[in-house]
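Open the model in your viewer and keep the selection tool at hand. The tour makes two stops: a set of paired strands, then a pocket.

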Amino acid sequence: MPARIEILFNKFIAGTCTQQEYQELMDLLQENQHEETVRHMLAQVYQSTARSLKSVTYVDNQGLLQTGTNEEVAAEPGIIRPMRHRYRRLAIAAAAMLVLSAGGWWFFRNQQALPSVAQVPANAVHKITQRGEMKYLLLPDSTQVWLNVASTLDFPESFSGEKREVYLSGEAFFDVKHAEDHPFLIHTGNVITKVLGTAFNIKAYPGQPDVVVSVKRGKVEVSKNDKVMATLTVGQEVKVPTAVQEAVVGNTKESMVAAWTTGRLSYTSRPVQDILDDLERNYNVSIELADSTLGAEIFTTSFRRDIGVEEALDIICKATDTKLSKENGIYIINKK
């Protein structure tokens with residue numbers, strides 16, 4: 001078991017970890033989620049965190065979020081016990097890692113579904129990028145993949161059978177090797193993108209309100225819960241909300257599809273919070289909105305990634321009539 005995880009988790013339980021240390025902990029948990037010792041540590045630590053609260057929120061032994069009294073919690077075997085209210089949101093996020101490692105489903109922040117570990121073959125190759133890191137991958141069938149920051153991709157050591165299936169959490173640009181008799185399927189939670197041979201981008205970060213698929217070349221079929229949402233061609237994209245069974249198809253500039261692979265960050269009609277989350281991943285920083293209502297504002301912008309986080313935030317602040325400050329290494333955006 002990596003000692004760093006144990007140190008960070010103990011700080012997390014004590015309520016002394018910084019926001020950057022919390023993010024590091026989440027990344028390490030995700031990277032080591034299959035380790036039995038890590039799962040055992042998480043379970044033991046959670047079971048030792050019972051608090052004297054009249055009403056609590058907890059995760060039961062089925063991985064479901066429940067509410068009840070301390071007496072009810074104490075009587076329920078296998079419950080992951082609650083923390084103080086201040087850290088309950090963080091505890092739920094950590095519990096998501098625990099449930100995910102056990103092969104279950106977990107819904108958090110806007111009901112975003114993470115890919116189930118049970119779907120991924122046991123011998124799958126697991127590739128991960130940290131915040132601020134990108135990777136180029138060549139899959140067994142010669143499909144090329146550019147994996148964006150804070151993302152994971154699982155794929156088999158070799159493709160066999162009628163389908164080529166991979167599992168994505170985060171964002172990636174695919175240039176799929178054409179094989180007419182062997183369709184290529186990308187699983188992002190309950191959304192599946194099916195292609196034969198084409199180039200396209202998928203953005204499906206945990207917590208993101210929708211899965212966005214944009215086509216640069218060829219044709220793509222996007223379905224959700226086994227229902228076809230859209231069939232896209234060059235210059236089209238679809239936004240499939242995670243919370244409802246619907247989709248919005250629109251047009252996009254071909255040159256802007258996967259612009260991040262050329263060092264450009266581009267956002268078209270995206271919520272401000274969505275953009276800030278992306279900047280956190282790209283620059284490995286922490287950004288907070290002093291007024292949460294600002295996060296729902298829709299914004300369009302584009303800039304070079306190498307301008308740095310402060311100039312990027314300055315662009316957003318000028319356009320949204322807000323101001324930027326920094327406290328204890330955390331960037332804070334507030335109304336003027």
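This is a predicted model. Start by selecting residues 125-128, strand E5, together with strand E8. The two strands run antiparallel and are joined by four bridges. For one point of contact, pick Val125: opposite it in E8 stands Phe155.

Now select E8 alone, residues 152-155. Are its faces buried or exposed? Both are covered. Thr152 and Asp154 lie on one side and are buried. Leu153 and Phe155 lie on the other side, and they are buried too. In a regular strand, side chains alternate between the two faces of the sheet.

Next, add strand E9, residues 164-175. E9 also pairs with E8, in the antiparallel sense, over three bridges. Click Thr152 in E8 and look across to E9: its bridge partner there is Ser169.

Move on to the second largest pocket. Its space is about 480 Å³. Which residues should you select to find its centre? Take Glu237, Met256, Ser266, Tyr267 and Thr268, the closest to the centre among the 24 that line the pocket.

Then colour the lining by element. Strands E12 (199-204), E13 (210-217), E16 (236-241) and E18 (264-271) each supply at least two lining residues, and so does helix H6 (272-283). E18 gives the largest share, six residues.

Finally, recolour the lining of this pocket by residue class. You should count nine charged, eight nonpolar and seven polar residues.

Methods: Residues are numbered from 1 along each chain as its sequence is written. This is a predicted model: local features need pLDDT of at least 70, side-chain atom pairs count only at pLDDT 80 or more; totals for chains, interfaces and linings use all residues. Side-chain values use heavy atoms; hydrogens and water are left out. Buried means under 20% relative accessible area, exposed over 50%, partly exposed in between (1.4 Å probe, protein chains only). Two strands pair if DSSP finds at least two bridges between them. On a 1 Å grid over the protein atoms alone, a cavity is a set of points where a 1.4 Å probe fits but cannot get out, and a pocket is an open set with protein on both sides within 12 Å along at least five of seven lines; lining residues have an atom within 4 Å of a point. Grid points are joined across faces, edges and corners, and a volume is the space filled by probe spheres set on the points. Ala, Val, Leu, Ile, Met, Phe, Trp, Tyr, Cys and Pro count as nonpolar, Asp, Glu, Lys and Arg as charged, and the others, Gly among them, as polar.
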